[in-house]
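Me: Please take a close look at one part of this model, the place where its two chains meet. I would like the setting described as well.

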Amino acid sequence: MEKGKISSLQMAFMMYPTIVATAILGVPSITAKYAKTDLWLSPILASLIGYATVYIAYKLHKLYPKQTVIQFSEQIIGRIPGKILGFLFLFFYIPITGQILRSYGEYIVDSFLVKTPISVVMASMILLCAFIVRGGIEVLGRAAQLFVPVFIIPILLLIILLGPDLEFKNIFPILGNGIMPPIKGSIVPGGWFSEFFLMIFLLPFLTDMKKGMKYGMRTVFAVMMTLVVVNLIVLFVLGSTTSTKNYPLMNVSRYISFADFFEHLESAIMAVWIVGAFVKISVFYYAAALGTAQWLNLSDYRPVVWPIGILIVEFSFWSYPSAMDVSRFDIIAFPFYGVLMQTLIPLLLLVIAVVKRNRQRKKGSNSS
Amino acid sequence: MRWGAFFCTSVVVVLIILYEWPKMKQNPKKDKMAFLTLLLTGLVLSMFNLPQMSGPTQWIETLFRPFGEFMEK
């Protein structure tokens, strides 16, 4: 179905923006609402979910090396339950892609293209993503490799240019209200970290499969560090007002005023951020298209790419009357839904698969 | 019913069929069926007033209501 091959480094480059792109945008303020000034601790706690998810995904991949979750769940729990579980996964990934697309569109329309209809912003993005998904995993991997440095460097630049505005005393008091607020604040980023399960759709196409785990873990660490740094910058600049901002990193970039020349850099930050969102939506879209094709046992996933694009755009409108509902879904449902679908159910699959394999081995040794 | 959205989706669907169909000549019948069924689903969905309609998102929110209440506290 997919004949392309990627390296594990390219996989890491694809996974990094998949988590970071939207996590640096709205999540710091959500975290700040619960964790107050300890918001920088939350990504560290949340990354535990990321490590666990990568471990589970890699172990499952080792048991069924050439298959994705849609295919091996049929082998683990039987044909009909496997099909049902596959449907649940698709029913998770397609609407979630829609939700990501919508939050991307809301952000662009809210901050920059105020008079553009949101459907135009979203449709043009999904058009681009459809082309890259149709191109296959190799194209996606190379695009990610090209774009991720462009995405990371501005974040580093932001730190340097913001130097004069940083108020380091905003960090105090550390753990003023005990450990509970950062733990509660880590629930929402935890949902983002569970998205590492998308690795399972990429691992079968690695040229160097043994390094999959190593690079996966490194990516989790890189994402954790990025989120900690972003949360700290936001905290140092905005202090206790962080939780009142919709897009804190955007507010922070408006503070830049360096040598009377570097000003109004938020449009540059936005342009760069779109690159990250592009990789993120493409990876989700790819997983949705490949999963659908495997679920229906098609010979190729390319024919379903365009129809799924239409479905994604429709899901991005479905039951979201306003931008408020989109961000509310991120708080009250996604962290739990994401962890359930992408960490707990795969864990269950792994346990069943390991038990099954041990039993088969025992049977084999008894008969011989 | 929103005619604008429906009309736009129909145009997009026709464009997709025109673009994709010649490339799908050798693919098995199943692929073509899946392609057309998914397009039809998209077309049917575009007839509804989606933002106001209860859908999967709301079912999920209802399913996770106890957790949601914990987060909104």
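**The contact between the chains**

Reply: In this predicted model, the contact draws 26 residues from chain A and 33 residues from chain B. On the side of chain A that touches chain B, helices H5 (79–111), H14 (302–317), H15 (323–332) and H16 (334–367) each supply at least two residues. The largest share there, nine residues, belongs to H14(A). By type, the residues on this side of chain A are 22 nonpolar, two polar and two charged.

One residue of chain A shows how the contact is joined to the interior. A:Val304 touches B:Ala34, B:Phe35 and B:Leu38 across the chains, and within chain A it touches A:Ala289, A:Thr292, A:Ala293 and A:Leu298, leaving aside residues up to four places away in sequence. A:Val304 is also listed among the residues with the most contacts inside the largest nonpolar core, together with A:Phe196, A:Met199, A:Ile281, A:Tyr286 and A:Ala289. That core has 130 residues, and its largest share, 15 residues, comes from helix H13 (residues 266–295) of chain A. In soluble globular proteins, nonpolar side chains tend to be buried together.

Between H13 and H14 of chain A runs a loop that holds A:Asn297. This residue is not a glycine, yet its phi is positive, near 55°. A:Asn297 counts as exposed, because it has 12 C-beta neighbours inside 10 Å. A second case of this kind is A:Lys36, a residue other than glycine with a positive phi of about 50°. A:Lys36 sits in the loop between helix H2 (27–35) and helix H3 (42–63) of chain A. With 18 C-beta neighbours inside 10 Å, A:Lys36 counts as partly exposed.

H13 of chain A also belongs to the surroundings of another helix, H7 (residues 137–161). The buried residues of H7(A) are covered by elements that include H1 (8–23), H6 (118–135), H11 (212–238), H12 (248–254) and H13 of chain A. Those buried residues are A:Ile137, A:Leu140, A:Gly141, A:Ala144, A:Val148, A:Phe151 and A:Leu158. H7(A) has 25 residues and reaches 36 Å from its first C-alpha to its last, close to the 36 Å expected at 1.5 Å a residue. Within H7(A), a kink of about 30° lies at A:Phe147, shortly before the proline A:Pro149.

The two partners can now be set side by side. Chain A has 16 helices and two strands, whereas chain B has four helices and zero strands, in the order α-α-α-α from the N terminus on. The radius of gyration of chain A is 21 Å, which agrees with the value near 21 Å for a compact globule of 368 residues. For chain B the figure is 18 Å, but a compact globule of 73 residues would have a value near 11 Å. Along its principal axes, the C-alpha trace of chain A spans about 75 × 45 × 40 Å, and that of chain B about 55 × 30 × 15 Å. Buried residues make up 52% of the 368 residues in chain A, while 21% of the 73 residues of chain B count as buried. In chain A, 83% of the contacts with a separation of 6 or more are between residues 24 or more positions apart.

Definitions and conventions
Residues are numbered from 1 along each chain as its sequence is written. Chains are lettered from A and ligands numbered from 1 in the order in which they are written. This is a predicted model: local features need pLDDT of at least 70, side-chain atom pairs count only at pLDDT 80 or more; totals for chains, interfaces and linings use all residues. A nonpolar core is a set of buried Ala, Val, Leu, Ile, Met, Phe, Trp, Tyr and Cys residues joined through C-beta atoms within 7 Å. A residue is buried if 20 or more other C-beta atoms lie within 10 Å of its own, exposed if 12 or fewer, and partly exposed in between; C-beta atoms are placed from the backbone. Two residues are in contact if their C-beta atoms, placed from the backbone, lie within 7 Å. The expected span of a helix is 1.5 Å times one less than its number of residues. The bend at a residue is the angle between axes fitted to the seven residues ending there and the seven starting there. Ala, Val, Leu, Ile, Met, Phe, Trp, Tyr, Cys and Pro count as nonpolar, Asp, Glu, Lys and Arg as charged, and the others, Gly among them, as polar. The radius of gyration is taken over C-alpha atoms; the globule rule is 2.2 Å times the number of residues to the power 0.38.
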